[in-house]
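Okay, everyone, let me put this one up on the screen. I'll take you through a few spots, and you can follow along in the viewer.

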Amino acid sequence: MTEVRSERLHAHAPEVSAARARRWGSFYFMEHMLRGMRAYLVTIVVTSVGNPLLYLFSMGVGLATIVDRSQSTHFEGIGYLAFAAPALLVSSAVMTCANEMMFPVMDGFKWRRVYYGPHVTPLVPGQLALGHVMAVSVRLLVQCTVFFLIMLAFGAALSPMAWLLVPVGVLAGMAFGTPLMAYAASIQKENFQFSMIQRFVIMPLFLFSGTFYPLETMPAAMQWIGWISPLWHGNQLGRLVSIGASEPAWLVVVHIAYLAVLVVLGIVLARRSYTKRMDA
Amino acid sequence: MKALTDDDYVLSADERPLGALYSRNARAVIERGARVIRSQNWIILVSGFFEPVFYLLSMGVGLGRLVGAVDGPGGAPISYAAYIAPALLAVSAMNGAIYDSTWNIFFKMHFGKLYQSMLYTSLGPFDIAVGEIALALFRGFLYALGFTGVMGIMGLITTPWALLLVPTSVMVAFGFASFGMAITSYMKTFQQMDIITFVMLPMFLFSATFYPLSVYPAPIQWIVEAFPLWHGVELMRQISIGAFSPATLVHLAYYLVMIVVGLAFTTRRLRALFLR
Amino acid sequence: MAGVRAMRRRVISARDLVKTYGDFNAVDGISFDVPAGESFGLLGPNGAGKSTTMRMIGGVTQRTSGHLDIMGLDPEHQGPEVRAHLGVVPQQDNLDEELRVRDNLIVYGRYFGLPRAYLEQRADELLEFAQLEDKAKARVDSLSGGMKRRLTIARSLINEPKILLLDEPTTGLDPQARHVLWDRLFRLKEQGVTLVLTTHYMDEAEQLCDRLIVVDKGKIMAEGSPTALIREHSSREVLEVRFGADRNAAVVPRLDGVGERLEALPDRILVYTDDGEGSLEQIRNRGLHPVTSLVRRASLEDVFLRLTGRSLVD
Ligand SMILES: Nc1ncnc2c1ncn2[C@@H]1O[C@H](COP(=O)(O)OP(=O)(O)OP(=O)(O)O)[C@@H](O)[C@H]1O
Ligand SMILES: [Mg+2]
């Protein structure tokens with residue numbers, strides 16, 4: 001707390017700050033979040049590269065050796081690796097997004113109260129929500145791109161349209177992530193809700209959304225899990241663009257529309273719960 | 001109360017082994033854990049049980065339909081679900097034990113500050129370590145019991161030997177927990193803690209959980225065979241159908257050594273872990 | 001006083017304590033003794049090494065070098081035995097957030113191996129002392145900051161400790177709670193309990209401490225009773241005069257010879273003197289007319305600032 005005396009530039013007028021914040025506030029907070037992620041850069045890079053390698057190798061190549069042996073007709077007539085790979089990409093995006101929308105949100109409101117710093121600047125809570133979403137999207141974009149490149153190296157992307165897996169991954173991740181964010185922002189105290197979500201929502205979705213085999217293989221009574229699961233819709237879109245899986249046009253529209261509606265709804269709700277919580 | 005005199009201020013040393021680290025009161029730590037569990041929603045206690053069950057349903061039943069039968073230990077074909085079930089139990093024992101002995105410890109150390117408060121009492125680090133490991137093993141025991149029950153309901157248990165899955169699962173958990181704490185003692189930041197995940201994930205994916213080791217080239221097989229999870233998976237798989245071989249003893253020995261070495265290691269690292 | 005103290009047994013004896021983090025010496029060769037029943041203070045600016053010293057006394061951090069003797073034992077080698085007689089209020093509350101208020105006391109007591117029957121009774125007494133009876137069943141995180149502090153203090157007494165380590169015990173307490181605690185500490189002292197405390201409130205140190213050390217950058221700067229320290233490092237009185245922010249510096253040379261010592265601050269000039277009114281008269285006689293002036297008794301705060309410097313440069 002020593003006094004700082006130096007030649008200093010002058011801040012621009014408060015009106016200018018207010019106008020800029022109104023316009024660019026979300027981006028300012030996105031920048032804040034992305035800078036925060038730098039602390040985890042090593043982890044992010046290692047998981048972005050390591051996870052695709054591990055999953056493609058074990059659940060793709062390894063599992064393929066016993067699945068392909070059985071000459072099943074269920075895998076679109078292509079190798080198991082190419083069948084599983086797009087779904088593994090989408091799942092990894094969904095899981096990453098889910099994590100970024102639980103603990104960091106609670107961190108922002110409660111643990112380290114990251115949101116309350118910007119809240120006393122001209123930024124408004126809705127912009128914090130949006131900035132958070134944008135920052136996580138950037139991370140997903142990078143992660144999906146890396147995953148896609150590794151898929152290429154494995155020879156697991158068959159269609160020329162396969163690069164579309166990247167936006168599909170981000171979309172599916174956000175379709176699950178933004179509603180979760182709205183929820184996370186609404187809970188006052190983390191009493192294991194996140195572990196419960198991890199165990200009773202995310203994990204079952206990963207396992208029962210047609211990731212490792214077509215949804216129709218499951219007993220009919222369990223197939224509804226897939227229909228409501230953003231992951232299943234993402235998986236189907238992923239297979240469509242990656243291996244040219246056959247899917248009726250109306251269903252493709254349903255997949256895209258379902259995911260898009262979830263994203264929009266999630267953002268609207270999240271902005272509302274951020275505003276309610278911080279301005280209350 | 002009468003006023004303290006100088007004579008009240010004379011303490012005598014207790015020269016029993018580990019006296020600096022242990023006050024023979026791990027019970028208090030366990031009691032505290034039990035009190036917390038009781039005050040929590042029961043679902044939190046049992047939730048860990050569901051993960052292997054979900055895996056078993058999804059991979060064993062779903063994927064199993066497409067895979068058909070696979071060769072079990074000893075060569076006789078068994079259903080895919082029966083093949084992966086004991087492996088999933090081993091994985092779940094590992095995951096639970098590692099979580100409880102690493103992340104859980106790390107959090108309570110750095111955020112909850114729970115251990116700081118315990119250490120200001122007459123408890124020593126060894127009391128805490130023993131208490132926490134006991135709690136972790138108790139949880140692991142409950143999950144193993146539940147999972148074995150599910151296996152029974154699904155018709156995956158065909159021999160009385162399978163009852164040994166429960167204590168064996170606790171043994172596997174003990175092996176991992178005894179090492180976990182020692183390893184946590186080297187961790188200072190979240191980023192370093194992530195290293196644990198980087199080691200665990202490949203071990204989970206590659207330790208012959210979902211398909212036989214023989215799919216890999218020989219050098220990779222050797223590496224996998226060096227890791228503890230593979231021994232756990234193989235051991236549990238043998239027990240589940242009661243098909244033993246000389247390798248059974250190797251797997252068992254692996255875990256006994258792991259527990260002894262792990263405990264010695266953790267005891268050595270207790271100061272570094274708790275007394276920073 | 002000194003004679004009486006010399007007769008009492010030393011219960012804490014620290015020699016050349018050093019604690020190093022990386023290549024930084026948080027505590028850099030501190031030695032002191034605390035006789036039984038004394039109330040001993042550690043003062044010093046932020047980061048001086050007070051809390052680190054306290055943690056070494058409790059044996060919950062490993063010292064880099066030096067000797068420590070607590071009631072005849074080394075806490076690093078006989079941690080459980082030593083801590084069984086210690087009550088500790090750490091600087092940061094470390095209550096068990098997963099347990100309720102009363103359970104916090106009971107479970108903590110169990111760590112000392114104390115019997116349940118004793119704890120049930122003791123917990124209620126302590127809740128009363130902390131004025132938290134109606135919060136007995138509340139969750140810890142629903143308590144206010146000051147209530148948590150009170151609970152932490154109550155908890156430290158659960159085992160009827162002989163030595164109480166208090167690291168900034170009153171930070172965050174309202175004046176009522178502060179006085180209740182002081183009162184309690186005086187009573188404990190009467191019962192012969194030894195107190196070791198740190199505080200940033202100089203009035204508190206003057207009130208509570210028989211003797212204190214001022215620590216800065218891990219080293220002891222001064223040692224003695226509050227009155228002795230004031231006598232040694234300050235004058236009897238301090239005169240504070242203000243001439244307006246831009247004039248203070250210009251006036252200083254013209255005050256030469258007034259009082260024993262002058263100190264020019266950005267907003268005022270301090271004149272250390274044995275006779276404040278006299279010095280003020282002197283200044284007026286030189287044709288200088290301060291905007292405001294104030295004469296006060298010298299305090300531990302003056303000693304502290306003199307010894308550890310005014311600006312926070314670390
Ligand atoms: N675990 C640690 N790792 C690294 N440095 C530490 C650690 N704990 C304390 N320090 C450093 O040691 C020095 C002394 O810290 P300590 O907490 O003892 O200060 P203090 O006198 O209690 O200060 P305050 O009045 O702010 O409580 C500080 O510079 C601090 O940064
Ligand atoms: Mg301190």
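So, a cavity here is a set of grid points where a 1.4 Å probe fits but cannot get out. Keep in mind that this is a predicted model. How many cavities of 30 Å³ or more does a search of the whole structure find? Two.

Let's start with the largest cavity, at about 50 Å³ in volume. Its lining takes in residues from chains B and C: Leu114(B) and Ser117(B) on one hand, and on the other Asn94(C), Asp96(C), Leu99(C), Asn104(C), Val107(C), Tyr108(C), Tyr111(C) and Arg155(C). Which element gives the most to that lining? That's helix 4 of chain C, with four residues. Helix 5 of chain B, residues 114-119, also supplies at least two. By class, the lining is a mix: five nonpolar residues, three polar and two charged.

Now over to chain A for the second largest cavity, with about 30 Å³ of space. Around that one you'll see Ser91(A), Val94(A), Met95(A), Ile202(A), Leu205(A), Phe206(A) and Leu231(A). Helix 3 (80-100) and helix 8 (193-208) of chain A each put in at least two of the lining residues. There are no charged residues in this lining, just six nonpolar and one polar.

Next stop, the metal. The magnesium ion, ligand 2, is coordinated by OG of Ser51(C) and OE1 of Gln91(C), at 1.9 to 2.0 Å. Ser51(C) sits in helix 2 (residues 50-58) of chain C, while Gln91(C) is in the loop between strand 5 (86-89) and helix 4 (101-111), so the pair ties together parts that are 40 residues apart in sequence. Are those two buried or exposed? Ser51(C) counts as buried, because its relative accessibility is 17% and the cut-off is under 20%. Gln91(C), at 39%, is partly exposed.

Last one, back in chain A: Ala162(A). You'll find Ala162(A) in the loop between helix 6 (125-153) and helix 7 (165-186). Loop or not, Ala162(A) is buried, at 1% relative accessibility. What does Ala162(A) touch, leaving out residues up to four places away in sequence? Phe148(A), Ala157(A), Val241(A) and Ser242(A). And if you want a distance to check on screen, go from Ala162(A) to Glu216(A): 24 Å, C-alpha to C-alpha, with their positions 54 residues apart in sequence.

That's my tour, thanks.

Technical notes:
Residues are numbered from 1 along each chain as its sequence is written. Chains are lettered from A and ligands numbered from 1 in the order in which they are written. This is a predicted model: local features need pLDDT of at least 70, side-chain atom pairs count only at pLDDT 80 or more; totals for chains, interfaces and linings use all residues. Side-chain values use heavy atoms; hydrogens and water are left out. Buried means under 20% relative accessible area, exposed over 50%, partly exposed in between (1.4 Å probe, protein chains only). Contact means heavy atoms within 4.5 Å. Donors are N, O and S atoms within 2.8 Å of the metal (3.2 Å for Na, K and Ca); water is not among the atoms, so sites may look incomplete. On a 1 Å grid over the protein atoms alone, a cavity is a set of points where a 1.4 Å probe fits but cannot get out, and a pocket is an open set with protein on both sides within 12 Å along at least five of seven lines; lining residues have an atom within 4 Å of a point. Grid points are joined across faces, edges and corners, and a volume is the space filled by probe spheres set on the points. Ala, Val, Leu, Ile, Met, Phe, Trp, Tyr, Cys and Pro count as nonpolar, Asp, Glu, Lys and Arg as charged, and the others, Gly among them, as polar.
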